[in-house]
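Colleague: Could you pick one part of this model and walk me slowly through it and its surroundings? I'm in my first year, so please take it step by step.

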Amino acid sequence: MQDILIVVDYLRKQLGITAEYHCAGYPQTEEEFLNNVNWIIGVDEENVCLFGDEKLISWQQIQQYKDVAFASFALDLLRVERNKLLKDTDWWAVPDRTMSSEQIAYRQALRDLPANSTPTLNSRSELDKSSVNWPIKPQ
């Protein structure tokens, strides 16, 4: 099962929740989620976290938004990989060098990947690189 904390982080961003949370383990069920995800409401005078009883995100919200959260996370990971590949070829575009048409097309294909791809996550919540049609780097 995919990592529920990906959904929690997605919902925090979408709902504008600024509170941090502490999670014991990797909850996979509603019971584990309710028992192991605790929202930090402040710190005491010794800088120890204080936890509130209120659940800022419900299990129902997690179930409702998990597919879109995983898709969003996969796109984020795609962009990270794409940016690495672009950075590796930045030297092609220095002012005193002329890129070949193949190099220009490769870099454009990399920039277009997020719009032209539907990446997925593997069972370890990592980008499944085989789910992306990566352009072939020219020589």
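## A close look at helix α3 and its surroundings

Modeller: Happy to! Let's start from a neighbour: what covers the buried residues of α4 includes α3. Please keep in mind throughout that this is a predicted model.

Helix α3 covers residues 59–88. A helix can be checked with a simple ruler. At 1.5 Å a residue, the 30 residues of α3 should span 44 Å, and the C-alpha atoms at its ends are 42 Å apart, so expectation and model agree. Agreement in length does not rule out a bend, though: α3 has a kink of about 55°, centred on Tyr-65.

Now look at which side chains are hidden. The buried residues of α3 are Trp-59, Ile-62, Ala-69, Phe-70, Ala-74, Leu-78, Arg-82 and Leu-86. As you compare their positions in the viewer, here is a helpful rule: an α-helix has 3.6 residues a turn, so residues three or four places apart point the same way. What lies over these buried residues? The cover includes α1, α2 (30–36) and α4.

Let's visit α1 next. This helix runs over residues 4–15, and it packs against α3 at an angle of about 95°, with the two axes 8 Å apart. The two helices are therefore roughly perpendicular to each other. On the α1 side, the contact is made by Ile-4, Ile-6, Val-7, Val-8, Tyr-10, Leu-11 and Leu-15. On the α3 side, the residues taking part include Trp-59, Ile-62, Tyr-65, Ala-69, Phe-70 and Phe-73. Notice that Tyr-65, where the kink is centred, is one of the residues in this contact. Sorted by class, the contact of α1 with α3 has 14 nonpolar, two polar and one charged residues.

The ruler works for α1 as well: at 1.5 Å a residue, its 12 residues should span 16 Å, and its end C-alpha atoms are 16 Å apart, which agrees. Buried in α1 are Ile-4, Leu-5, Ile-6, Val-7, Val-8, Tyr-10, Leu-11 and Arg-12. Their cover includes β1 (21–23), α2 and β2 along with α3, so α1 and α3 each help to cover the other's buried residues.

Back to α4, where we began. This helix bends by about 30° at Leu-110, and a proline, Pro-114, follows within four residues. Leu-110 and Pro-114 are both buried, as are Gln-103, Tyr-106, Arg-107 and Leu-113.

Between α3 and α4 there is a loop, and Thr-89 is found in it. Is Thr-89 buried or exposed? Its relative accessibility is 1%, so Thr-89 counts as buried. Beyond its sequence neighbours up to four places away, Thr-89 touches Tyr-106, Arg-107 and Lys-137. Tyr-106 and Arg-107 have already appeared among the buried residues of α4, whereas Lys-137 belongs to the segment after α4. Lys-137 counts as partly exposed because its relative accessibility is 43%. Leaving aside neighbours within four places in sequence, Lys-137 is in contact with Trp-92 as well as Thr-89 and Tyr-106.

Finally, follow the chain past α4, and you will find it back beside α3. Glu-126 is found in the segment after α4. Glu-126 and Ala-74 are 52 residues apart in sequence, yet their C-alpha atoms are 7.6 Å apart in space. Glu-126 also touches Leu-77, together with Thr-120 and Leu-121. With a relative accessible area of 33%, Glu-126 is partly exposed.

Asp-128 sits in that segment too. Its C-alpha atom is separated from that of Ala-74 by 8.3 Å, although the two are 54 residues apart along the chain. Asp-128 touches Thr-120, Leu-121 and Asn-122, not counting residues up to four places away in sequence. At 24% relative accessibility, Asp-128 counts as partly exposed.

One more residue here deserves a glance. Most residues other than glycine have a negative phi. Ser-125, however, has a positive phi of about 60° although it is not a glycine. This serine lies in the segment after α4, and it is buried, with a relative accessible area of 13%.

Conventions
Residues are numbered from 1 along each chain as its sequence is written. This is a predicted model: local features need pLDDT of at least 70, side-chain atom pairs count only at pLDDT 80 or more; totals for chains, interfaces and linings use all residues. Side-chain values use heavy atoms; hydrogens and water are left out. Buried means under 20% relative accessible area, exposed over 50%, partly exposed in between (1.4 Å probe, protein chains only). Contact means heavy atoms within 4.5 Å. Axes are lines fitted to C-alpha atoms, for helices over the stretch in contact, and angles run from 0 to 180 degrees between N-to-C directions. Angles under 35 degrees count as roughly parallel, over 145 as roughly antiparallel, 65 to 115 as roughly perpendicular and the rest as oblique. Ala, Val, Leu, Ile, Met, Phe, Trp, Tyr, Cys and Pro count as nonpolar, Asp, Glu, Lys and Arg as charged, and the others, Gly among them, as polar. The expected span of a helix is 1.5 Å times one less than its number of residues. The bend at a residue is the angle between axes fitted to the seven residues ending there and the seven starting there.
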